[in-house]
Amino acid sequence: MTLSTNIVWHESEVSKEDRQELKQHKSAILWFTGLSGSGKSTISTALEKELYIQGFHTYRLDGDNVRHGLNRNLGFSPEDRTENIRRIGEVSKLMVDAGLFTLTAFISPYREDRSLVRDLVDADEFIEIYVKASLETCETRDPKGLYKKARLGEIKGFTGIDAPYEEPIAPEITLDTNILSIDESIEMIVEFLKEKGYL
């Protein structure tokens, strides 16, 4: 639903394909999803650096970073989580149009929300990367101390504790970080991008 009226889309004279040709690579959303502590931010950060070293144009959107600015007015209710992902999806779509690999690291717990983002772009422009780790592994890592707070009741609606996480059904890539290292995860993603002709 839009509240804006009397608006008309203004086409550019430079197309997405023009920008991709200039950059010499395709553009796409690499959507990292998984529990807090699974490794989404760590892996997406390392991947961005690797792609940069190889000469590819990227931008990374991280859950906490985005909530410092664009989405600072949103909480963690189901409705706010959905709006958080909707906004990120729209920003990511613009970045794909700009010819960038857009790396997004968000828990994004609901399949429907991730599916809505997938539908914003062309079929081959959304790559769902499930960063899979058991709840026990994530709680052991607990990089921000959030699981401990959730277990003590200091945080309500925490994904994996008292809020659901819906695992992807058919992600393009699954990284089992219970057993895979960061380097092994990066290697898997880069190999996928090469095999599918993105790089």
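In this predicted model, the largest pocket holds about 690 Å³ of space. Its lining is made up of 35 residues, and those nearest the centre of the pocket are Ser36, Lys40, Asp64, Ile107 and Lys144. Two or more lining residues are contributed by each of α2 (40-53), α3 (63-66), α4 (78-97) and α8 (182-195). Among the elements, α2 gives the most to this lining, with 4 residues. By class, the lining of the largest pocket comprises 13 nonpolar, 14 polar and 8 charged residues.

The second largest pocket contains about 400 Å³ of space. It is lined by 17 residues, with Trp9, Glu11, Lys93, Leu94 and Asp97 closest to its centre. The elements that supply two or more residues to the lining of this pocket are α1 (16-23) and α4. The largest share comes from α4, which provides 5 residues. The lining of the second largest pocket divides into 6 nonpolar, 3 polar and 8 charged residues.

Helix α4 thus appears in the linings of both the largest pocket and the second largest pocket. The helix has 20 residues, and the distance from its first C-alpha to its last is 29 Å, close to the 28 Å expected at 1.5 Å a residue. Its buried residues are Arg81, Asn84, Ile85, Arg87, Ile88, Gly89, Ser92, Met95 and Val96. An α-helix has 3.6 residues a turn, so residues three or four places apart point the same way. The buried residues of α4 pack against three helices and three strands by name, namely α1, α3 and α5 (111-118), together with β1 (28-33), β2 and β3. After α4 comes Gly99, which has a positive phi, near 90°.

Strand β2 spans residues 58-62 and is mostly covered, with 4 of its 5 residues buried. The strand pairs with β3 (residues 101-105) in the parallel sense, over 5 bridges. Within this pairing, Thr58 has Phe101 of β3 as its bridge partner. Both β2 and β3 are among the elements against which the buried residues of α4 pack.

A further parallel pairing is formed by strand β4 (residues 126-132) and β5, which are joined by 4 bridges. Here Lys132 is placed opposite Asp176 in β5. Strand β5 covers residues 173-176, and its side chains alternate along the strand. Ile173 and Leu175 point to one face and are buried, whereas Thr174 and Asp176 point to the other face and are not buried. Asp176, the residue opposite Lys132, therefore belongs to the face of β5 whose side chains are not buried.

Two helical residues have intermediate accessibility. Asn65 is located in helix α3 and has a relative accessible area of 46%, so the residue is classed as partly exposed. The C-alpha atoms of Asn65 and Ala163 are 22 Å apart in space, and the two residues are 98 residues apart in sequence. Glu17 lies in helix α1. The relative accessible area of Glu17 is 48%, and the residue is therefore also partly exposed. Between Glu17 and Glu50 the separation is 33 residues in sequence and 24 Å in space, C-alpha to C-alpha. The helices that hold these residues, α3 and α1, are both in the set packed against by the buried residues of α4.

Notes. Residues numbered from 1 in each chain as written. Predicted model: local features only at pLDDT ≥ 70, side-chain atom pairs only at ≥ 80, totals over all residues. Heavy atoms only, no water. 1 Å grid on protein atoms, 1.4 Å probe; cavity = no way out; pocket = protein on both sides within 12 Å on 5 of 7 lines; lining within 4 Å. Points joined across faces, edges and corners; volume = space filled by probe spheres on them. Nonpolar A, V, L, I, M, F, W, Y, C, P; charged D, E, K, R; others polar. Buried < 20%, exposed > 50% of the residue type's maximum accessible area, 1.4 Å probe, protein only. Pairing = 2+ DSSP bridges. Expected span 1.5 Å × (residues − 1). Contact = heavy atoms within 4.5 Å.
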